[in-house]
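Let's take a look at the charged pairs in this one. Have the model open while you read.

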Amino acid sequence: MKSEDTKNMIMAIALSMAVIFGWQIFFAPPPEEPTPVEQAADGSVEGVTAGSGNATVQGNTTTDTTTSGLTRDEALDKTKRVEIKNDAVFGSISLKGGRLDDLHLSKYKKTLAPGSGTVTLLNPTGGPHPYYATYGWLRTAEGETGKLPDPNTEWELEKGDTLSPGSPITLKFDNGDGLVFHRTYELDDRYMFTVTQTVDNNRDAAVDLAPYGYVARRDLPDHPQLWILHEGGVANVDDELALNTFSDLQDLPKNELFTRLKILINHK
């Protein structure tokens, strides 16, 4: 290929990229508003039986919406909290539900403007754009176990006072029926959280439970969506990469979470 042809091809590619990115930045339409999620009066959706066999997966997962009109600070003030702090992040854990739902990047600002706030990673339910990590237990076999922890469970701070490197905290919930649940949070000197769940069975009979944990986001992020990169869920299932866009996730039927958890539990 002649050098002149090469130069023309490079110029054509550069102009095409300029048009594409310019349109995306200045003229792309805003993202559609998310479809509201149906929910019960207490803000929870009951788990369902899924799959074949006699195993039953039961539990609760929150489906909080953003229609309460509370600010982020007001939503944080509605629950008792345990402080999180190291050199890289700060925030808090809600004792209601034991959720990690308040997290900021200490060294990164939203903008270059003086007085700009820090970048926010996680947000509490009840306020704008809820985004949090939550954990719990599922009943995986027939039989009475009493109450399992759910999004409305009020946990007790059993050990520690501030989650920081070398200083874990442990939450405790006694269901009053022979089961005592413990949840321990650990934090390294940067961004790694380790969550360990255990349960003490003080009953005469064995119980069949499985722990779970997931990250939940309610409604779409408030920044323009870019077609040049993936935005949404990323997972590795049976050594295969699974990419789900926000549109894919919005189309999931209600209680799909527990259906998939049941499949994973049986797969083990």
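Which residue does D177 form a salt bridge with, and how far apart are the closest N and O atoms? The partner is R203, and the closest N and O atoms sit 3.8 Å apart. Keep in mind that this is a predicted model. D177 is in the loop between strand 10 (169-174) and strand 11 (179-187), while R203 is in the loop between strand 12 (193-201) and strand 13 (209-217), so this pair ties together parts that are 26 residues apart in sequence. As for accessibility, D177 comes out at 33%, which makes it partly exposed, and R203 is partly exposed too, with a relative accessible area of 26%.

That pair has company: the structure holds four salt bridges. Here are three pairs, including the one above.

| Salt bridge | Closest N and O atoms |
|---|---|
| R72 and D102 | 2.8 Å |
| D150 and K147 | 3.0 Å |
| D177 and R203 | 3.8 Å |

Now for R72 and D102, whose closest N and O atoms are 2.8 Å apart. Since R72 belongs to helix 2 (residues 72-77) and D102 to strand 5 (residues 99-109), their salt bridge ties together parts that are 30 residues apart in sequence. Both of these residues, R72 and D102, are buried.

And the D150 and K147 pair: is D150 buried or exposed? D150 counts as buried because its relative accessibility is 12%, and the cut-off for buried is under 20%. Its partner K147, on the other hand, is partly exposed, at a relative accessible area of 43%.

Definitions and conventions: Residues numbered from 1 in each chain as written. Predicted model: local features only at pLDDT ≥ 70, side-chain atom pairs only at ≥ 80, totals over all residues. Heavy atoms only, no water. Salt bridge = Lys/Arg side-chain N within 4 Å of Asp/Glu carboxyl O. Helix = DSSP H or I, 4+ residues; strand = E, 2+ residues; numbered from the N terminus. Buried < 20%, exposed > 50% of the residue type's maximum accessible area, 1.4 Å probe, protein only.
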